[in-house]
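Welcome! Have a look at the chain below, then work through the exercises at your own pace.

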Amino acid sequence: DNIRWITVGLVVLYHVIFMYNGVVTAGVIGPFWEGQYQGAVQYLLYPWFMVLLFLVSGMCARYYLEGHTDREFLVGRTRKLLVPSTIGLFVFWWIQGYFNMAFSHVFDQSWEKVPKVVGYLIMVLSGVGILWYIQVLWVLSVLLVLLRKIEKDRLYAFGEKAALPVLFLLVIPVWGAAQILNTPVICVYRFGIYGICFLLGYYVFSHEKVTDRLARVSVSPSAPARCTAVVLAVFYVRYYFGENYAEEPVVNSPFSILYGWTVCLAVLGGMKRWGNRTSQKTEWLSKKSYGLYLFHYLALSAAAYFLDRYTEVTGGAAYLLSGIAAYAGGYLLYELIKRIPVIRWCVIGEKKERKHVQG
């Protein structure tokens, strides 16, 4: 839980920097200056933060299925993941599509000639945005249920035996998976690498013994995964800075995968060692992390659009105001939408909880 809310927080930070970046310029405001060294944040985060989320999602799937049936799992995943990323697009997320198209100056190109129904459907498709994550996660959840019926938990028992060298060497099949099942044009749908990481989370890293092994080598300041991750981060940013980190050949290069996998191992081990505790504050952050993920980019987009079109604010002030909008606006939108019947189910995948009255 702690890994998840912290990683979602980093996703928000990444998108604040991304909104004004000069490398991946489609659907964003674009850069303020020619040399934007704050863009290094994108290179530091992109190779691993979504990989880590899929690992954690796989672990959580295992924990859930230990106390629920496959049917309950699929029904819950469909409501929580598929409904918002399909029905929710037509109900609410087309608004994100509007901003994405505005950033790309689509409305400046004879948009008034496009029939309104067609225009609305285009905005719906453009509104997928960050919902790609829950779409992919739903597909992987369905495949997991089918795989469970075939392997009958034999793979899970085998995964518990993974020793430390094996955990590091898993980078090889992860790199191989990164080369396949990548959709053209829309580069975020990387079914290969995200699929294997989801399954590794389920079959390997959900074992307490496995994460305990990582935790044991995270005790000393010279922990191998942590030190290696830091060194690789420095060289990765230096080597690739200025190139498009989100597309081939950078995104699935051996260097990118090695760096990303090493960070994931370091985080899993370090958090098991030092972050395996909770408090009222962390429980709240964990409970709201899904809502922050869903709504932060819309809040950020609205703020960036307003600042760009109607103010002279640029540079550090734009980053600061956009960051406040992304975090605070994400939480506020979530709290607002979850209180509206029907819309709540369509957009968030949450249903009203029944109150049990003892009599």
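A salt bridge here is a side-chain nitrogen of Lys or Arg within 4 Å of a carboxyl oxygen of Asp or Glu. Keep in mind that this is a predicted model.

**Exercise 1. Find the residues that are linked with R62 in a network of salt bridges.**

Step 1. Start by locating R62: helix α3, residues 49–65, is its place.

Step 2. Look for a partner. The side chains of R62 and E66 form a salt bridge, with 3.5 Å from N to O.

Step 3. Widen the view. The network of salt bridges joins R62, E66 and D153.

Step 4. Check the surroundings. Beyond its neighbours within four places in sequence, R62 is in contact with residues including R148, D153 and Y156.

Step 5. Decide whether R62 is buried or exposed. Buried means under 20% relative accessible area, and R62 has 9%, so R62 is buried.

**Exercise 2. Work out which parts of the chain the salt bridges of D70 and K80 tie together.**

Step 1. Take D70. Its salt bridge is with R148, and the closest N and O atoms are 3.0 Å apart. R148 sits in helix α6 (residues 132–151) and D70 in helix α4, so this pair ties together parts 78 residues apart in sequence. With a relative accessibility of 17%, D70 counts as buried.

Step 2. Turn to K80. Its side chain meets that of E350 in a salt bridge of 3.5 Å, N to O. K80 is in helix α4 and E350 in the segment after α16 (343–347), which puts the two 270 residues apart. E350 is buried, at 15% relative accessible area.

Step 3. Put these pairs in context: the structure holds 12 salt bridges.

**Exercise 3. Describe how helices α12 and α13 cross.**

Step 1. Choose the quantities. Two packed helices are described by the distance between their axes and the angle between them.

Step 2. Read them off. The axes of α12 (residues 224–240) and α13 (residues 254–274) come within 9 Å and cross at roughly 145°.

Step 3. Name the residues in contact. Among them are L232, F235 and Y236 of α12, and L258, Y259 and W274 of α13.

Step 4. Add the handedness: this crossing is left-handed.

**Exercise 4. Find which element gives the largest share of the nonpolar patch on the surface.**

Step 1. List the members: I87, F90, V91, V117, L121 and W345, with about 520 Å² of accessible area together.

Step 2. Assign them. Elements α4 (70–103) and α5 (116–126) each give two or more residues, and α4 has the largest share, three residues.

Step 3. Test one member. V117, in helix α5, has a relative accessible area of 60% and is exposed.

Definitions and conventions
Residues are numbered from 1 along each chain as its sequence is written. This is a predicted model: local features need pLDDT of at least 70, side-chain atom pairs count only at pLDDT 80 or more; totals for chains, interfaces and linings use all residues. Side-chain values use heavy atoms; hydrogens and water are left out. Patches are made of residues with over 30% relative accessible area and no salt bridge: like charges are joined within 9 Å, nonpolar side chains (Val, Leu, Ile, Met, Phe, Trp, Tyr) within 5 Å. Accessible areas come from the Shrake-Rupley method with a 1.4 Å probe; for residues, only the protein chains shown count as cover. Helices (H or I, at least four residues) and strands (E, at least two) are DSSP runs, numbered from the N terminus. Buried means under 20% relative accessible area, exposed over 50%, partly exposed in between (1.4 Å probe, protein chains only). Contact means heavy atoms within 4.5 Å. Axes are lines fitted to C-alpha atoms, for helices over the stretch in contact, and angles run from 0 to 180 degrees between N-to-C directions. A crossing is left-handed if the near helix is turned anticlockwise from the far one by less than a right angle, and right-handed if clockwise.
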